[in-house]
Amino acid sequence: MDHPRFSHLTLNLDALRSFIAIVETGSFRGAAARVNKSPSAISLQIAKLEEVLDTRLMDRDARNVTLTHNGDLLLEDARRMLAINDRTIGRFRGGSIAAHICIAAPHDLGMSLVPRFLKDMANLYPDLHIDVRLGTTEFVEQSLAEGHAHLGLFNDIHATKGPVTTLYSEPLSWLTLKGGCASEQTPLPLSVALAKCAWRDAAIGALEQVNRPYRIAYSSDTAMGQIAAVRADLAIAALPVSLADRDLDIAPQSLGLPPLPHTHIQMADDGSEAAKLCAQVLAPTIQQLSPFGLHQNRPKQVSS
């Protein structure tokens, strides 16, 4: 049903993109970095949206910002409108590339970063079909080497030069359950990935270098499996610091645990045109979403 009295009002898609960025990054500052604006400009955009819609979208206090009921409703519509916008622009400017490509990635990246990339690619190149295969870093490297994957993402503690591109780096840290007692046990119980994992090797190597007794209490082929053991206070784990949250804490220095290296998120492709195209979109997407990427975004609770 048309509403002629509202025909002079038009929602600003740029403001809607900023609104979504606030929700996805968890802060006005993170949103500003993602859309390349200042936090004050983001605030003005939200104020204008509230004026046009004649409703409050966010409740603010000194530290936090939460979406109102109408803010939740807008979020759903905003995502639909931007998806239509991006698909339309991609149809005319992205070009038509009819191809089939396979991407291999570790489970943690496949769950956290790859979905946003797939959405971006679907909008820009709707005729490009992408399959994703998740596994260990060894699986990713083998898939690339044997030609089963056109583009691969993997974690490593060594920043490789040459055909491999490092997208971002962050520290590994010893994570423990807040208030837990696993870190006080001897030998130290570890939650690690299965064999041939850079994070596993870094953890065990660091402990052996300082002669700290340890035992493998829990092993999993995914970071989420390792985290489950830490949450249950069965073990501690050497994982990226960005995985610390309200339940998982970085082990205090008083425990005397050895320092750990940085982990590097890297990308490699087979040189094909479709893979190069994906890499051009994948790199900035992941750098924007990553906790230690170009803009240091870290999705936490929404704050002003």
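Let me start with the lining of the largest cavity, which by class has 5 nonpolar, 3 polar and 1 charged residues; here Ala, Val, Leu, Ile, Met, Phe, Trp, Tyr, Cys and Pro count as nonpolar, Asp, Glu, Lys and Arg as charged, and the others, Gly among them, as polar. What you see is a predicted model, in which local features need a pLDDT of at least 70 and side-chain atom pairs count only at pLDDT 80 or more, while totals for chains, interfaces and linings use all residues. Residues are numbered from 1 along each chain as its sequence is written, and side-chain values use heavy atoms, with hydrogens and water left out.

To stay with the cavity for a moment, the residues that line it are Thr-176, Leu-177, Gly-180, Cys-181, Ala-182, Ser-183, Asp-233, Ala-235 and Ile-236. By cavity I mean a set of points, on a 1 Å grid over the protein atoms alone, where a 1.4 Å probe fits but cannot get out, and lining residues have an atom within 4 Å of a point. Searching the whole structure gives 1 cavity of 30 Å³ or more, and the largest holds about 30 Å³ of space, a volume being the space filled by probe spheres set on the points, with grid points joined across faces, edges and corners.

Now to the chain as a whole. Its mean pLDDT, the predictor's confidence in each residue on a scale from 0 to 100, is 82, and 86% of the residues reach 70 or more. Over residues 293-304, however, pLDDT stays under 50, although the model has 44 contacts there beyond four places in sequence, a contact meaning heavy atoms within 4.5 Å. The chain has 10 helices and 11 strands, which are DSSP runs numbered from the N terminus, helices being H or I with at least four residues and strands E with at least two. Of its 304 residues, 43% count as buried, that is, under 20% relative accessible area with a 1.4 Å probe and protein chains only. Among contacts with a separation of 6 or more, 75% are accounted for by residues 24 or more positions apart.

Which strand is largely enclosed by the rest of the structure? That is β11, residues 262-269, and the description applies because 6 of its 8 residues are buried. Strand β5, residues 151-156, runs antiparallel to β11 and is joined to it by 6 bridges, and strand β6, residues 165-177, also pairs with β11 in the antiparallel sense over 6 bridges; two strands pair if DSSP finds at least two bridges between them. On the β6 side, Pro-171 stands opposite His-262, and on the β5 side, Asp-156 stands opposite His-264.

Asp-156 itself counts as buried, at 16% relative accessibility, and, leaving aside neighbours within four places in sequence, is in contact with Ala-198, His-262, Thr-263, His-264 and Gln-266. Its C-alpha lies 7.7 Å from that of Trp-199, although the two are 43 residues apart in sequence.

Two further residues are worth finding on the model. Cys-102, in strand β3, residues 99-106, counts as buried at 5% relative accessibility, and its contacts beyond four places in sequence include Asp-131, Arg-133 and His-148. Gln-226, in helix α9, residues 223-231, is buried with a relative accessible area of 4%, and among the residues it touches beyond four places in sequence are Ser-191, Val-192 and Leu-239.

Note on methods
Buried < 20%, exposed > 50% of the residue type's maximum accessible area, 1.4 Å probe, protein only. 1 Å grid on protein atoms, 1.4 Å probe; cavity = no way out; pocket = protein on both sides within 12 Å on 5 of 7 lines; lining within 4 Å.
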